[in-house]
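Here is a friendly walk through one protein model, for anyone opening it up without any background. Take a look at the structure, then read on.

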Amino acid sequence: MPDRYAVIGNPIAHSKSPLIHAAFARQTGQDLTYGRILGHAEDFREEVRRFFADGGRGLNVTVPFKERAWALADERGPRAETAGAVNTLIPLSEGRLRGDNTDGVGLVRDLEENNGFSFKGKRVLLLGAGGASRGVVRPLLETGLKALVIGNRTAAKALDLAASAVTLGPVRGCGLSDLGVIVNGGFDLIVNGTSAGLSGEVPALPGGCLAPGGWTYDMLYGDQPTAFCRWGASRGAARVLDGLGMLVEQAAESFWLWRGLRPSTAPVIAMLRGHKTGIVP
Ligand code: ATR
């Protein structure tokens with residue numbers, strides 16, 4: 001019997017994770033299956049426990065259950081702890097579960113390894129202070145960047161998120177309208193972690209936010225350029241990236257946690273670029 005893995009979320013039909021993990025398994029010669037589970041808020045804990053009781057070997061967790069998965073994990077790694085969210089569950093002995101979060105490392109690897117971005121000495125702006133942003137703060141601060149500013153429409157949430165990570169590195173929070181005065185000369189990288197793009201919007205940013213030669217990165221992706229990617233291109237960003245590479249890299253890190261093998265991500269990203277998608281987080 002092949003080892004069984006799955007992703008649980010709601011909705012789940014659009015998830016690319018089965019395609020990605022099937023490609024990883026083929027590439028590395030692993031005998032496994034990877035399915036989709038439609039989860040339900042009221043039964044989530046039971047659905048997860050049942051999957052593992054039936055012999056499941058690992059579960060990815062997606063919207064809207066990452067915080068619930070954090071709460072049910074019996075132990076958690078530091079990345080999950082800072083994120084307050086778990087996207088990867090790993091079975092331990094006696095039915096216990098370990099929770100980890102691979103989203104942030106996925107973002108950092110896509111930037112550094114796939115696209116050659118160097119964080120050293122860079123000033124980075126992270127837009128949004130919801131779950132998507134919280135998931136990436138710790139790995140961003142671990143890159144050795146010069147400054148991380150979290151800018152959010154609701155300033156108080158950005159201040160809270162920055163305060164929760166202040167021991168990890170040079171981070172501060174502010175409202176979007178305060179950004180203009182914070183970094184003279186603009187940011188070297190602007191990462192969009194807001195959900196504004198799901199309704200075709202872009203966070204309202206003051207002029208001069210993007211430094212000359214700066215990059216933009218949208219954690220969303222789609223078969224058409226996202227609203228934030230279009231914004232980056234219109235502001236003359238040197239590189240405009242969407243979140244497809246992050247999606248594949250977070251999957252690769254989960255695969256590593258489960259199987260102890262690192263698949264090559266480039267051919268899988270290339271394969272997915274050939275598939276039609278909507279704009280998805
Ligand atoms: P997620 O878990 O996907 O991050 P969330 O927790 O609901 O979702 O957070 C959504 C984020 O996108 C928030 O930071 C939100 O800003 P507020 O905290 O001010 O609500 C941000 N956001 C959503 N729509 C936005 C818009 N049109 N402009 C700017 N920010 C927006």
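## A walk through the model

Let's begin with a small detail: the side chain of Thr143 reaches out to the backbone nitrogen of Leu145, at 3.3 Å. Keep in mind that this is a predicted model. You'll find Thr143 in the loop between helix 7 (137–141) and strand 8. Is Thr143 buried or exposed? With a relative accessible area of 7%, Thr143 counts as buried, because the cut-off for that is under 20%. Leaving aside residues up to four places away in sequence, Thr143 touches Val108, Glu112, Phe119 and Lys120.

Strand 8 (residues 147–152) is a good next stop. Strand 8 runs parallel to strand 7 (residues 123–127), and five bridges join the two. If you want a spot to look at, find Arg123, which stands opposite Ala147 in strand 8.

Now zoom out a little. Strands 7 and 8 belong to an open sheet of six strands, in the order 9-8-7-10-11-12, with parallel pairing. At the edges sit strand 9 (171–175) and strand 12 (239–241), each pairing on one side only. Going from one strand to the next, the twist averages 20 degrees.

Helices lie across this sheet too. One is helix 5 (residues 103–114), which lies across strand 10 (187–192), strand 11 (210–218) and strand 12. Helix 5 runs at about 135 degrees to strand 11. Another is helix 10 (residues 227–234), lying across strands 7, 10, 11 and 12. For helix 10 the angle to strand 11 is about 165 degrees.

## Around the ligand

How many residues surround the ligand? There are 14, and the closest are Asn152, Arg153, Thr154, Lys157 and Glu201. A few atom pairs are worth finding on screen:

| Residue | Protein atom | Ligand atom | Distance |
|---|---|---|---|
| Gly131 | backbone N or O | oxygen | 3.0 Å |
| Ser195 | polar backbone atom | oxygen | 3.1 Å |
| Glu201 | side-chain N or O | nitrogen | 2.9 Å |

So Glu201 turns up twice here: it is listed with the closest residues, and an N or O atom of the Glu201 side chain is 2.9 Å from a ligand nitrogen. On its own, the ligand would expose 640 Å², and the protein buries 72% of that.

## Over at the other strands

Let's move to the start of the chain. Strand 1 (residues 3–9) pairs with strand 3 (residues 58–61) in the parallel sense, over four bridges. Within that pair, Ala6 stands opposite Leu59 in strand 3. Strand 3 is also joined to strand 5 (residues 88–91), this time by two bridges and in the antiparallel sense. There, Asn60 stands opposite Thr88 in strand 5.

Which way do the residues of strand 3 point? Gly58 and Asn60 point one way, while Leu59 and Val61 point the other, and all are buried. That fits a general pattern: in a regular strand the side chains alternate between the two faces of the sheet.

## Loops with something to notice

The loop between strand 1 and helix 1 (17–28) holds Pro11. The peptide bond from Asn10 to Pro11 is cis, with omega near 5 degrees. Ile12 is in the loop between strand 1 and helix 1 as well, and is buried, with a relative accessible area of 7%. What does Ile12 touch, not counting residues up to four places away in sequence? The contacts are Val7, Arg36, Ile37, Leu38 and Thr62. The C-alpha atoms of Ile12 and Gly39 are separated by 8.3 Å, and these two residues are 27 residues apart along the chain.

There's a cis peptide bond from Val63 to Pro64 too, with omega near 5 degrees. Pro64 is in the loop between strand 3 and helix 3 (66–72).

Last stop: Glu94, in the loop between strand 5 and strand 6 (97–100). Glu94 is not a glycine, yet has a positive phi of about 55 degrees. Is Glu94 buried or exposed? Glu94 is exposed, because its relative accessible area is 77% and the cut-off for exposed is over 50%.

Terms used: Residues numbered from 1 in each chain as written. Predicted model: local features only at pLDDT ≥ 70, side-chain atom pairs only at ≥ 80, totals over all residues. Heavy atoms only, no water. Buried < 20%, exposed > 50% of the residue type's maximum accessible area, 1.4 Å probe, protein only. Pairing = 2+ DSSP bridges. Axes fitted to C-alpha atoms, helices over the stretch in contact; angles between N-to-C directions. Contact = heavy atoms within 4.5 Å. Near = heavy atom within 4 Å. Polar contact = N/O pair within 3.5 Å; in protein donor to acceptor, adjacent residues only side chain to side chain. Areas by Shrake-Rupley, 256 points an atom, 1.4 Å probe, with all protein chains shown as cover.
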